[in-house]
2 protein chains.
Amino acid sequence: METLTEENYLKAIFKLSQSDADKVSPTSIAEEVEVNAASVIDMIKKLREKDLITYEKKIGAELTLKGRKLALNIVRKHRLWEVFLYEKLKYSWDEIHEMAEQLEHIQHDDLADRLDEFLNFPKFDPHGDPIPKANGSFPKISKVLLSQKQIGDDCRVVAIKDTSPDFLQYLKQLSIEIESKIIIKDRIAFDNSLVILVKGNLSSVSEKFANSVFVKQ
Amino acid sequence: METLTEENYLKAIFKLSQSDADKVSPTSIAEEVEVNAASVIDMIKKLREKDLITYEKKIGAELTLKGRKLALNIVRKHRLWEVFLYEKLKYSWDEIHEMAEQLEHIQHDDLADRLDEFLNFPKFDPHGDPIPKANGSFPKISKVLLSQKQIGDDCRVVAIKDTSPDFLQYLKQLSIEIESKIIIKDRIAFDNSLVILVKGNLSSVSEKFANSVFVKQ
DNA sequence: TATTTTTATTAGACTTGTCTAATTTCTAAT
DNA sequence: ATTAGAAATTAGACAAGTCTAATAAAAATA
């Protein structure tokens with residue numbers, strides 16, 4: 001049985017290992033979990049003892065099969081609960097993440113499966129992220145950062161990178177949601193900010209923003 | 001903001017204050033929360049500091065208005081989640097309690113209200129216990145222990161006192177659920193055990209059992 | 001009332017997960 | 001190759017919540 005804290009570290013390591021970075025370092029984990037690096041070292045020892053991760057300096061932290069299974073189940077629960085909150089309880093995009101962070105830790109044998117069935121086997125959560133299946137399969141969707149699009153390109157939002165309330169509220173303000181169509185009208189070389197057209201409205205967004213939105217096409 | 005542990009103590013104090021006992025003593029809390037009495041003393045200090053309870057030796061612990069409000073909200077969430085698990089996810093009577101113990105601590109402003117609406121404003125949880133309303137009102141239903149019924153009486157199960165898996169599984173085995181009709185066929189003076197008729201089957205049950213089932217009529 | 005038993009309380013220790021402040025080890029650049 | 005800066009690690013402390021053992025207070029009983 002894992003503690004809530006352990007589960008959060010596993011989830012963080014999983015998330016980081018999905019990213020492009022070459023290795024999952026203590027520092028990167030510290031940033032993700034929002035704790036001091038010294039705390040991460042302690043937890044790395046603990047998770048290694050429990051055979052949930054391996055850790056070597058050059059290689060960084062890696063989930064064992066057991067650890068990956070656990071992490072996937074947490075991600076699965078998180079995303080299923082998000083669907084529940086969004087579709088059934090009618091919470092908005094920017095409210096569900098925080099609650100799902102709590103709900104993902106609810107322990108019960110087949111909770112994820114029951115929830116999955118009740119929600120009619122959704123494939124994606126409300127932020128566009130794929131929901132891992134019971135057997136551990138985890139569909140990768142082809143997506144690219146908005147920042148990589150060129151002037152004149154048009155694309156559709158498929159997922160977002162950040163789930164902070166600030167960011168989600170900003171998206172709402174820009175009328176951007178999953179499936180929104182975005183056309184790149186201009187790119188300012190000076191700071192890589194973009195001028196985009198969404199639902200007939202022109203907006204200027206920063207590079208940081210463009211690095212937080214995934215699109216397809 | 002209260003910790004999970006504080007919430008569990010508040011819930012326990014609330015539960016004990018609803019019972020017939022004259023006061024809520026450290027020992028009774030210790031038993032309810034399943035910790036050592038010394039730990040209770042520490043927590044009493046903490047909850048008193050936070051103005052959630054009062055405590056005097058002769059009088060025992062009592063919830064303040066603020067504490068009662070919090071406790072009621074936890075009970076409300078617990079029972080609403082039980083309805084959700086039972087009706088929507090099709091979990092059985094004896095599986096829902098443990099999960100609801102976790103779900104009751106999910107924090108969000110209007111979660112209880114959204115859930116209430118989604119479940120169509122249920123008045124009772126699957127164990128027959130009333131669900132507190134948003135305004136804090138808490139319907140008392142007239143119920144009596146099965147052990148107080150006489151030979152020849154017939155009655156209906158309205159609630160149960162114990163929620164341990166052992167007990168709930170025993171109920172299932174006896175085909176007893178909320179609304180089940182029970183007829184008292186005999187009472188053995190020696191040990192106060194009862195012979196009861198449920199759905200055409202005669203069973204003999206102990207006094208302890210009869211003290212854990214609430215009936216009406 | 002005196003004594004026994006139960007209950008309440010204190011003191012001190014332990015665990016988990018965190019921190020800060022060194023210190024060591026790497027990496028990268030001169 | 002040396003050194004500055006970054007990253008990893010260790011050591012020691014702290015907060016929350018728990019425990020055991022000892023003591024104080026209250027209640028029950030002889």
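In this short talk I will go through the two protein chains, the way they meet, the DNA strands beside them, and then the helices and strands of chain A.

Let me say at the outset that what we are looking at is a predicted model, and I will keep to what was computed from it.

I would like to begin with the relation between the two copies. Chain A can be laid on chain B with an RMSD of 0.2 Å, and the operation that does this is a turn of 180° with a shift of 0.0 Å along the axis. That is therefore the relation of a two-fold axis. If you want to find the axis in the model, look for A:Leu103, since among the residues of chain A it is the one that comes closest to the rotation axis, with its C-alpha at 3.7 Å. The two copies use the same surface to meet, and 100% of the contact residues of chain A recur in chain B.

How many residues take part in that meeting of chain A with chain B? There are 11 residues of chain A in contact with 11 residues of chain B. On the side of chain A that touches chain B, helix 5, residues 96-103, and helix 6, residues 111-118, each supply at least two residues. Divided by class, the residues on that side of chain A are six nonpolar, three polar and two charged.

Now let us turn to the DNA, starting with strand C. Of the 18 residues around DNA strand C, those that come nearest are A:Thr3, A:Asn36 and A:Ala38 from one chain, and B:Ser25 and B:Thr27 from the other. Two or more residues of this surface come from each of helix 1 (4-18) and helix 3 (37-49) of chain A, and likewise from each of helix 2 (26-33) and helix 3 (37-49) of chain B. Which element gives the largest share of the surface near DNA strand C? That is helix 3 of chain A, with five residues. The surface near DNA strand C as a whole has seven nonpolar, six polar and five charged residues.

DNA strand D is surrounded by 18 residues, and here the closest are A:Ser25 and A:Thr27, together with B:Thr3, B:Asn36 and B:Ala38. Helix 2 and helix 3 of chain A, along with helix 1 and helix 3 of chain B, each supply at least two residues of the surface near DNA strand D. For this strand the largest share, five residues, comes from helix 3 of chain B. By class, the surface near DNA strand D is made up of seven nonpolar, six polar and five charged residues.

From here on I will stay within chain A. Helix 1 of chain A, which gives residues to the surface near DNA strand C, also packs against helix 4, residues 65-88, of chain A, at an angle of about 95° and with the axes 9 Å apart. Because angles of 65 to 115 degrees count as roughly perpendicular, helix 1 and helix 4 of chain A are roughly perpendicular to each other. From helix 1 of chain A, the residues A:Glu7, A:Leu10, A:Lys11 and A:Phe14 meet a set in helix 4 of chain A that includes A:Leu70, A:Ala71, A:Ile74 and A:Val75. This contact of helix 1 with helix 4 of chain A has six nonpolar, one polar and three charged residues.

Next come the strands. Strand 1 (residues 53-56) and strand 2 (residues 60-63) of chain A run antiparallel and are joined by four bridges, with A:Ile53 standing opposite A:Leu63. A hairpin through three residues joins strand 1 of chain A to strand 2 of chain A.

Further along chain A there is an open sheet of six strands in the order 3-8-4-5-6-7, with antiparallel pairing. Its edge strands are strand 3 (144-145) and strand 7 (201-205) of chain A, each of which pairs on one side only.

Within this sheet, strand 4 (residues 154-160) and strand 5 (residues 181-188) of chain A are joined by three bridges, and A:Asp154 has A:Ile183 as its bridge partner. Strand 5 of chain A pairs over six bridges with strand 6 (residues 193-198) of chain A. These two strands form a hairpin with four residues between them, and in its turn A:Asn192 has a positive phi of about 60°. Strand 6 of chain A is in turn joined to strand 7 of chain A by five bridges, and in their hairpin, which has two residues between the strands, A:Lys199 takes a positive phi near 50°.

Note on methods: Residues are numbered from 1 along each chain as its sequence is written. Chains are lettered from A and ligands numbered from 1 in the order in which they are written. This is a predicted model: local features need pLDDT of at least 70, side-chain atom pairs count only at pLDDT 80 or more; totals for chains, interfaces and linings use all residues. Two strands pair if DSSP finds at least two bridges between them. A residue is near a molecule or strand if its C-beta atom, placed from the backbone, lies within 6 Å of it. Ala, Val, Leu, Ile, Met, Phe, Trp, Tyr, Cys and Pro count as nonpolar, Asp, Glu, Lys and Arg as charged, and the others, Gly among them, as polar. Two residues are in contact if their C-beta atoms, placed from the backbone, lie within 7 Å. Axes are lines fitted to C-alpha atoms, for helices over the stretch in contact, and angles run from 0 to 180 degrees between N-to-C directions. Angles under 35 degrees count as roughly parallel, over 145 as roughly antiparallel, 65 to 115 as roughly perpendicular and the rest as oblique. Copies are superposed by least squares on the C-alpha atoms of residues with pLDDT of at least 70 in both.
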